[in-house]
Amino acid sequence: MKIFFSVLGTRYSSPLGFTVSEPKLTEKLTLALPKGRVMGESLELLRRAGMNLSSSENGRTLKYDAGDALLIEMRNSDVPTYVELGVADAGIVGKDVLLEMSSNIYEPVDLGIAKCRLSLIRPVGESHVIRRVASKYPNITLDYLHGIGSSADVIKLSGNVELACLTGLADAVVDVVETGSTLKANRLEEVAVITESSARFVVNRAALKLKAGKLRPLIETLRELVKT
Amino acid sequence: MTTRITPPDGTRFTLPEEAISKTEVIAKLRQLYHTWGYKLVDVPALEKYDPNHPRAHQSFKFADQDGSVLALRSDFTPALSQLIRANYPDDVPLRLQYCGDVWQGTKPDFNATREFTQIGLELVGVSNARADAELIHLARESLRTVGLNPRVELGNPSFVKTLFDLAEIEETEREKIADAIDRKDQRTLQSLLEPLNLAKDLHHALLNVSDLYGDIHILKEAHSLAPWPETTRELKRLDEIISEFEDSSELLLDLGMARRLSYYTGVTFRAYTFDFGQPLIGGGRYDGALLPFAAGFSLGLERLMRALPKTQSATSTLVLSLEDAPARLLRKAGYSVERTLMTDLDEARLYAQQKGIAFLLTERGLEPLVRNHPLYTELLLALGEGHA
């Protein structure tokens, strides 16, 4: 004999007095996008993937209906939090941020934009033992230092990390390198590449399953786009 | 000035509004499990520290008076398995339910309070699809009981594990690959698999297993991606569970679930609800991990409370009483009656109004302080006055 299960679409009036609402399957996706240069490239990719997205009217709106999706703009390091907690269904964020934060989210597409590397940087020619490293990425830095057997201290800074090296605050820094021109101008050099990074399309764990009808085709199209 | 002492990180106070609805939710869930024959048990919050405990690294530890190490309960299942071995060694099937606090020393952040209430079930001594389906059904019913619209997602970590075995992947490599599969991170997966020079079909299967999610039709895709007898056996276990359901259209599958590969030995499942981004229930079958045959699930009360629609629960007292005898009648009928500590009637009335108390009970009888209160007639009846 089989167990009886209620049929899809039935409304439950619960003993606690709440009425169960039916899922709104036509609802738009909410996407968390990082402010700045990556924003433009991300929007362009999403449009090429077939999404009809307008730009925000005055550039100051933090949250707006862009047509095929609701867009929310934020600092890149906040994207994983919004996506993990499901306030955004999906988003775009650099692998560097994901490695630093180890969020519990899916990252199904490497979008191949915002490419950079995370490197250990020192003043040109210096080679004494590193005792202190400054970085915006303290977790990645600690992992790397442990991996090479270094017991240097790590201090977290929020911006212009190179300054730590120039002022003697730290012997080395771990930071993002794109072209290397900032390094050259400040007589700094990349000593080791820790990891490569690029922007990823990230998805909330529940949303991927409950809004699969919208997210799955989008993921597939994005993967096709970046392949070519 | 007094110093304000706050509770330790990851713990917090529960105020009446929340405490009331939390108790209601617990009562509903316990009742549901009771109607399915699950017996309530309790286990100590203090445990002897065991380095082999599945959450040993996360538990709070301290020294007992004799110097041995104690740990705070960080999970119910290990303690329950001790209870079962000691008291019901041959009593199968055994259905138990539990509810209580656990303490886990994870880093306190938005996701990890270090003290929280868990409620859950264990179905012990039987390992078959009927038992698994019962638990999955009860996971759905748990969310329905509290007014949420559930979707349960099934996985089978042994499917990924079997692929690892077939591809003869070294133990040291497995954790990284499983993590990339679980995150559906194909780029990392590619870079991890490439240097292994696997047979083409196994490489293809491992690279694409994380895309095997969706409704139950995904099983067919899984069969064609992994046609080996060993993987077919793992898919068949899911198929058998699904065929226990009269209506399987709401069931979701994800064969890329690859967490705790050495703990779970059969189906694992998670329950979600719409518009809430995190799983509310997690469970699965862990034959051999702590008991020969066992499966169960647990639900974190605090997270569940966050997923519930915000309702205004009545926390204020209903009646402020200046008279003890009629108050006794109302209390007997189950109404909440506060005994005034003031002697002045006007003062008492003012106090009641400030506290949102709806009625005043004086020697002249019941005086409503708000108009058209729905309970007015009921209260009069309880006082033996209402025939209006």
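**A crossover in chain A and a one-sided helix in chain B**

In chain A, strand β7 (residues 132-135), helix α4 (residues 138-147) and strand β8 (residues 153-156) form a right-handed β-α-β unit. As with everything described here, this comes from a predicted model. The two strands of the unit, β7(A) and β8(A), run parallel and are joined by four bridges. Within that pairing, A:Arg132 sits opposite A:Asp153 of β8(A).

Strand β7(A) has another partner too: it pairs with β9(A) (residues 172-177), again in the parallel sense, over three bridges. Here A:Val133 has A:Ala172 of β9(A) as its bridge partner.

Over in chain B, helix α1 covers residues 16-35. With 20 residues at 1.5 Å each, α1(B) should span 28 Å, and its end C-alpha atoms do lie 28 Å apart, so the expected and modelled lengths agree. Buried along α1(B) are B:Ser21, B:Lys22, B:Val25, B:Ile26, B:Leu29, B:Leu32 and B:Tyr33. Looking down the helix axis, these buried residues fall within an arc of 140°, so they line one face of α1(B).

What does that buried side pack against? The buried residues of α1(B) pack against three strands and two helices of chain B, namely β5 (94-103), β6 (115-124), β12 (294-300), α3 (129-145) and α10 (301-307). The face turned away from the buried side tells the other half of the story, carrying the exposed residues B:Thr23, B:His34 and B:Thr35. After α1(B) comes B:Gly37, which has a positive phi, near 85°.

Key: Residues are numbered from 1 along each chain as its sequence is written. Chains are lettered from A and ligands numbered from 1 in the order in which they are written. This is a predicted model: local features need pLDDT of at least 70, side-chain atom pairs count only at pLDDT 80 or more; totals for chains, interfaces and linings use all residues. Side-chain values use heavy atoms; hydrogens and water are left out. Two strands pair if DSSP finds at least two bridges between them. A crossover is right-handed if, with the strands pointing away from the viewer, the path from the first strand over the helix to the second runs clockwise. The expected span of a helix is 1.5 Å times one less than its number of residues. Buried means under 20% relative accessible area, exposed over 50%, partly exposed in between (1.4 Å probe, protein chains only). The arc is that of the directions from the helix axis to the C-beta atoms. Contact means heavy atoms within 4.5 Å.
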